[in-house]
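Open the model in your viewer and keep the selection panel at hand. The stops below follow one another, chain by chain and then across the contacts.

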Amino acid sequence: MDKSADRNRGKRNQDLPIVAGNGLIDRRALLGRGVILAGAVGTGIASSSAGAEPLAEDPWSLEVGEVTPTYQTPSKFEAKVVRTRSNPNNEPRNSHARTPHHLLEGTTTPNGLHFTINHGGIPVIDPDKHRFVIHGLVKQPLEFSLEALSRYPQTSRVTFLECGGNSAPMFSPEPMQETVQALHGLVSCAEWTGVKLSTLLEETGIDPQAKWMVAEGADSPRLSRSVPVKKALDDAMIALYQNGERLMPGNGYPMRLLLPGYEGNMNVKFLRRIKLVEQPAMSMYESRTYSQILPDGKAYRFYFLQEVKSFITNPSHGMALRGPGLYEISGVAYSGTGRIEKVMVSADGGKSWGQAALQEPVLSKAFTRFRMPWRWDGGPATLQSRAWDEAGNVQPTRAEFVAVRGELTKPPPILGFPNQHYNSITSWGVAASGEVKHVYA
Amino acid sequence: MSTPRSTLAAAALLLMTTAGLSKAETPHLGKPIDEAAIANWDISILPDGTGLPKGSGTSAQGAAIFAEKCSACHGDNGKGGGPAAALVEDRKIVGISASQKTIKNFWPYATTIFDFIRRAMPFTAPRSLSDDEVYALTAYILAENKLIDAKETMNAETLPKVKMPNRDNFIIRFPDRI
């Protein structure tokens, strides 16, 4: 790229309304985006047509294409857009697969790329033989087949699911040089369809003494979690469909408990039993695994909530910007409490902030895509996003978070879960070379 | 625009909708089942001992079962070194890393040990142990961690009474959500 073109582009972009340091542009510029971005492209890349090669016919346009498949899968050229796995040989331990956020757009995680964690492999469940029972402190215990549940009034809702241990590498005292997939890949968002749990509990009746329910899966460890009846009667559902098709096996086929906004592990997959009880069972996952050690030696119990959070997916660690000019900073924000109210973006490590545009629709407890136009001048930049939810909760800075929750004394194994419920700001450092790396700022 | 006919229709629709919200109008497609028929699946145990089955076991009995069915993953005498976590460790928690959690320094209830073994262990053959064997293994792990005397028998009476050292060290994160 010759220098006169650079100068030319810089001059043209000075017209854009800057809202914060280091080149952040007013989000409202996105409304007239066609004009502005086209102008920028016209200035930068297509400034001269002198070297353009004549267009030739490509081979795929000269032959009949492939057969239409019954179930289509992505283009072979998208083979890198896959989950990363912690246990590809199915050794006798748990197994995670992380969503490649840096390779996705929008707010819906495709079913094949939804994150999963399984603690005893993925059971192969015959949907016709699967049974789900509700019992314990109820007036009438009931058994449901998948066919029966499929005849109930169905309800759909878009909601994110996040592992309580997502972002655990951020407890490291120094920024781990890992992609957004490795750092934040244990959260995904889908449209779930199924039956409201409150409808089924209306049929079983609830003994007033019941304060908790113990949910249990049909997988080999019979994964079990205690959930307050309060949540069951609020917005819990038995999900049967994921983005319009039956649940993926790794996401709980043929049915799972869905607790919008609550820690992934509580959303028990392969659901076969709910027992209403007076007190929590203190299963291993709640009394040990998902209890978080605090700096004073005490530990949190029943965290449940996945709190307000956001991270930039593009650009992000491992990418390289190809020269100064206009870029769109984009990422996802979500809160287990409700809707995202606003997302602020910084390009100077938090010294100044500009408000990002939120992609409609903004749904409660769902991914919200935010976008921020940015003119990179070719100098060092530190990109951050910070989200607020409708209840007024704000995503903490890393310093605020660490002051309460602490940090590790040395970097953890990247696949480890040294602590949980990390929701503070993620920072990506852009070097003059265009290289993007994970930094703390 | 509204005609009398459509107003009537709207009123009728409103009535139907209101009726639809009444409690009787759910599909009732669940099959009544009694607790006896659920018993084989009902392995829920509460920390006060509710749900613990009959049977019993001692540490000495547990040692032999452990050597045969558990030590390949959890190491000799549960001291680790295999692919699965150590079960017998004496260490203090310093800092916030979860890797320091042990049964002795973190697990608040002994009933959880019984529950997890019974529902999930051995990893490759869950639900293959008898209740007596699960009690014996629980007794063995507790005794090796010096949380009970090696001679104590674990059963539905004694297990919930084992006081775990870390029991009172937890903070409910969001009490209003319970």
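Begin with chain B, coloured by secondary structure. From the N terminus on, its elements run α-β-α-β-α-α-α-α-β-β. That comes to six helices and four strands. Keep in mind that this is a predicted model. Chain B has 178 residues, and 33% of them count as buried. Now look at contacts with a separation of 6 or more: in chain B, residues 24 or more positions apart account for 58% of them.

**Stop 1: helix H6 of chain B**

Select residues 131-144 of chain B. This is helix H6, with 14 residues. From first C-alpha to last, H6(B) reaches 20 Å, close to the 20 Å expected at 1.5 Å a residue.

Is H6(B) largely enclosed or not, and why? A residue is buried if 20 or more other C-beta atoms lie within 10 Å of its own. In H6(B), 12 of the 14 residues are buried, so the helix is largely enclosed by the rest of the structure. Among the buried residues are Glu133(B), Tyr135(B), Leu137(B), Tyr140(B), Leu142(B) and Glu144(B).

Which elements cover them? Add strand E2 (56-58), helix H3 (59-69), helix H5 (111-120) and strand E3 (153-155) of chain B to the selection; the cover includes these four elements. Then step just past the end of the helix. Lys146(B) takes a positive phi of about 60° there.

**Stop 2: where chain A meets chain B**

Show both chains. Here 53 residues of chain A are in contact with 50 residues of chain B. To find the chain A side, select strand E6 (131-136), strand E7 (142-145), helix H5 (197-204), strand E11 (224-228), strand E15 (271-277), helix H7 (284-289) and strand E17 (299-301). Each of these supplies at least two residues of that side. H5(A) gives the largest share, four residues. Colour by class next: the side of chain A that touches chain B has 27 nonpolar, 13 polar and 13 charged residues.

Zoom in on E17(A). It pairs with strand E4 (residues 170-172) of chain B in the parallel sense, over three bridges. For one of the partners, pick Arg301(A): its bridge partner in E4(B) is Ile172(B).

**Stop 3: an open sheet in chain A**

Hide chain B. Select strands E3, E4 and E5 of chain A, which form an open sheet in the order E3-E4-E5 with antiparallel pairing. Strand E3 (84-85) and strand E5 (116-118) each have a single partner strand, so one side of each is left without a neighbour in the sheet. Two bridges join E3(A) to strand E4 (residues 95-98) of chain A. Label Thr84(A) and Arg98(A); they are bridge partners.

**Stop 4: the two domains of chain A**

Colour chain A by its domain assignment. Domain 1 covers 118-164 + 187-300, and domain 2 covers 309-439. Taken over C-alpha atoms, their centres are separated by 31 Å. At the boundary, 13 residues of domain 1 are in contact with 12 residues of domain 2. Select strand E8 (155-162) and strand E16 (292-293) of chain A: each supplies at least two residues of the domain 1 side. E8(A) gives the largest share of that side, three residues. By class, the domain 1 side divides into nine nonpolar, four polar and no charged residues.

**Stop 5: strands E24, E25 and E26 of chain A**

Move on to strand E24 (residues 381-389) and strand E25 (residues 427-430) of chain A. They pair in the antiparallel sense over four bridges. Ala381(A) has Val430(A) as its bridge partner in E25(A).

E25(A) also pairs with strand E26 (residues 436-439) of chain A, antiparallel and over four bridges. Ser427(A) stands opposite Val439(A) here. What sits between E25(A) and E26(A)? Five residues do, and the two strands form a hairpin. Click Gly434(A) in the turn: its phi is positive, about 95°.

**Last stop: Gly416 of chain A**

Find Gly416(A) in the loop between helix H8 (398-405) and E25 of chain A. Is Gly416(A) buried or partly exposed? It counts as partly exposed, because it has 17 C-beta neighbours inside 10 Å. Finish with a distance label to Asn89(A). The two residues are 327 residues apart along the chain, and their C-alpha atoms are separated by 18 Å.

How values were computed: Residues numbered from 1 in each chain as written. Chains lettered and ligands numbered in written order. Predicted model: local features only at pLDDT ≥ 70, side-chain atom pairs only at ≥ 80, totals over all residues. Pairing = 2+ DSSP bridges. Contact = placed C-beta atoms within 7 Å. Nonpolar A, V, L, I, M, F, W, Y, C, P; charged D, E, K, R; others polar. Expected span 1.5 Å × (residues − 1). Domains from an automatic or database assignment.
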